[in-house]
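Please find below some comments on the model, set out as numbered points. They go from the pockets to the helices and then to the loop.

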Amino acid sequence: MADLLTHVLTAYVLAALLSLRDDRITPAMVTAAMVGGLVPDLNRIGLVVPASAVESLLGVPFDWDALLTVGGVSVVLGLGTLLVPPRLRRRTAAMLALGTLSHFLLDYLLLFPSGYSHPYLWPMTAAGLPGPELYLSSARWPAVVAAACAALAWLANRRQKRVGWVSDGRN
C-alpha cells in the first residue's frame, strides 16, 4: 500500500511542479498524471481476477504482468486517452505518460531477489535490467519522502496562486 501511495504522490509532485511553469497543466491534468502513476499496478487486478479467466473470456493469451511493461502500459494509456475529448488528448496522454514513467523509474530502484528488474522494456527486450536495488517495495520511507515532497509542491502551488492573484490586482 505504501508503494502505491508513493507512486501517486510522486506523479503529483512532478505534475504540480510542471504546473508552476505551464498554465495548460490544470488540476485535472495533475490528476491524470496521478492516474498514470497507478497504471502499471493494475497488474494487481490479477489477485482478484486470474489471468486464465480473462484469457478464456477473450480467447487470446493474456497475462496481467504485461502491465508492467512499456508495451502493455502503452496500450492502456492509448485506450485511456481515447476517453477524453479530442482537444485534451495530447495533454492527457503526456500527463498519463509522466505518471507512468515516474512509476517505472521508482520501480527500477527496487530491490529484486534476482538482482534484475521486471522486463520493463518489453517488447524491445524481455530481459530485466540490473537495478541499483535501493529499497524494498514494502519499505515505508519512500512514501514518507514522497508525502513531504508533495506537501512542498502543494505549498509552492498555493503560494504561486496567491502571488498571481495579488499581482493581477484582484485583491
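How many nonpolar, polar and charged residues does the lining of the second largest pocket have, by class? The points below take this up after a short overview.

1. Overall make-up. The model is a predicted one. The protein chain has 6 helices and 0 strands, and the order of elements from the N terminus is α-α-α-α-α-α. Its C-alpha trace spans about 60 × 40 × 30 Å along the principal axes. Of the 171 residues, 33% count as buried. Taking contacts between residues at least 6 apart in sequence, 62% join residues at least 24 apart.

2. Second largest pocket. The answer to the opening question is 10 nonpolar, 1 polar and 1 charged residues. The volume of this pocket is about 220 Å³. Its lining includes the aromatic names Phe62, Trp64 and Trp122, along with Leu42, Ile45, Leu67, Val75, Val76 and Leu79. Asp63 and Gly72 are also among the lining residues; by the class scheme used here Asp counts as charged and Gly as polar.

3. Largest pocket. The largest pocket holds about 340 Å³ of space. There are 14 lining residues, and those closest to the centre are Ser19, Ile25, Pro27, Asn157 and Lys161. Helix H1 (2–21), helix H2 (27–38) and helix H6 (141–167) are the elements that give two or more residues to this lining. H6 supplies the largest share, 5 residues. By class the lining has 6 nonpolar, 4 polar and 4 charged residues.

4. Helix H5. This helix has 20 residues, and the distance from its first C-alpha to its last is 28 Å, close to the 28 Å expected at 1.5 Å a residue. The buried residues of H5 are Thr92, Met95, Leu96, Leu98, Gly99, Thr100, Ser102, His103, Phe104, Leu106 and Asp107. As background, an α-helix has 3.6 residues a turn, so residues three or four places apart point the same way. The next two points look at individual residues in this helix.

5. His103. Is this residue of H5 (residues 89–108) buried or exposed? His103 has a relative accessible area of 0% and is therefore buried, the cut-off being under 20%. Leaving out residues up to four places away in sequence, His103 touches His7, Gly37, Pro40 and Asp41.

6. Ser102. This residue is also found in helix H5. Its relative accessible area is 5%, so Ser102 counts as buried. Residues up to four places away in sequence aside, Ser102 touches Thr10, Ala11 and Leu14. Ser102 and Leu14 are 88 residues apart in sequence, yet their C-alpha atoms are 8.4 Å apart in space.

7. Thr81. Which residues is Thr81 in contact with, leaving aside neighbours within four places in sequence? They are Arg89, Ala93 and Leu96. Thr81 lies in helix H4 (residues 70–81). At 10% relative accessibility Thr81 counts as buried, because the limit is under 20%. The C-alpha atoms of Thr81 and Arg91 are separated by 9.2 Å, with the two positions 10 residues apart along the chain. Leu96, one of the contacts of Thr81, is listed among the buried residues of H5.

8. Loop between H5 and H6. Two backbone features should be checked by anyone reusing the coordinates. Pro123 is in this loop, and the peptide bond leading to it from Trp122 is cis, with omega near 15 degrees. Trp122 also appears in the lining of the second largest pocket. Glu133 is in the loop between H5 and H6 as well. Although Glu133 is not a glycine, its phi is positive, at about 55 degrees. Glu133 counts as partly exposed because its relative accessibility is 32%.

9. Record annotation. An unreviewed UniProt entry lists residues 66–84, 96–114 and 134–155 under "transmembrane region". In the model, the span 66–84 is 63% helix and 0% strand, and its end C-alpha atoms lie 24 Å apart. For residues 134–155 the end C-alpha atoms lie 29 Å apart, and the span is 68% helix and 0% strand.

Note on methods:
Residues numbered from 1 in each chain as written. Predicted model: local features only at pLDDT ≥ 70, side-chain atom pairs only at ≥ 80, totals over all residues. Heavy atoms only, no water. Buried < 20%, exposed > 50% of the residue type's maximum accessible area, 1.4 Å probe, protein only. Contact = heavy atoms within 4.5 Å. Helix = DSSP H or I, 4+ residues; strand = E, 2+ residues; numbered from the N terminus. Expected span 1.5 Å × (residues − 1). UniProt positions renumbered as here; feature names shortened; annotations may be inferred. 1 Å grid on protein atoms, 1.4 Å probe; cavity = no way out; pocket = protein on both sides within 12 Å on 5 of 7 lines; lining within 4 Å. Points joined across faces, edges and corners; volume = space filled by probe spheres on them.
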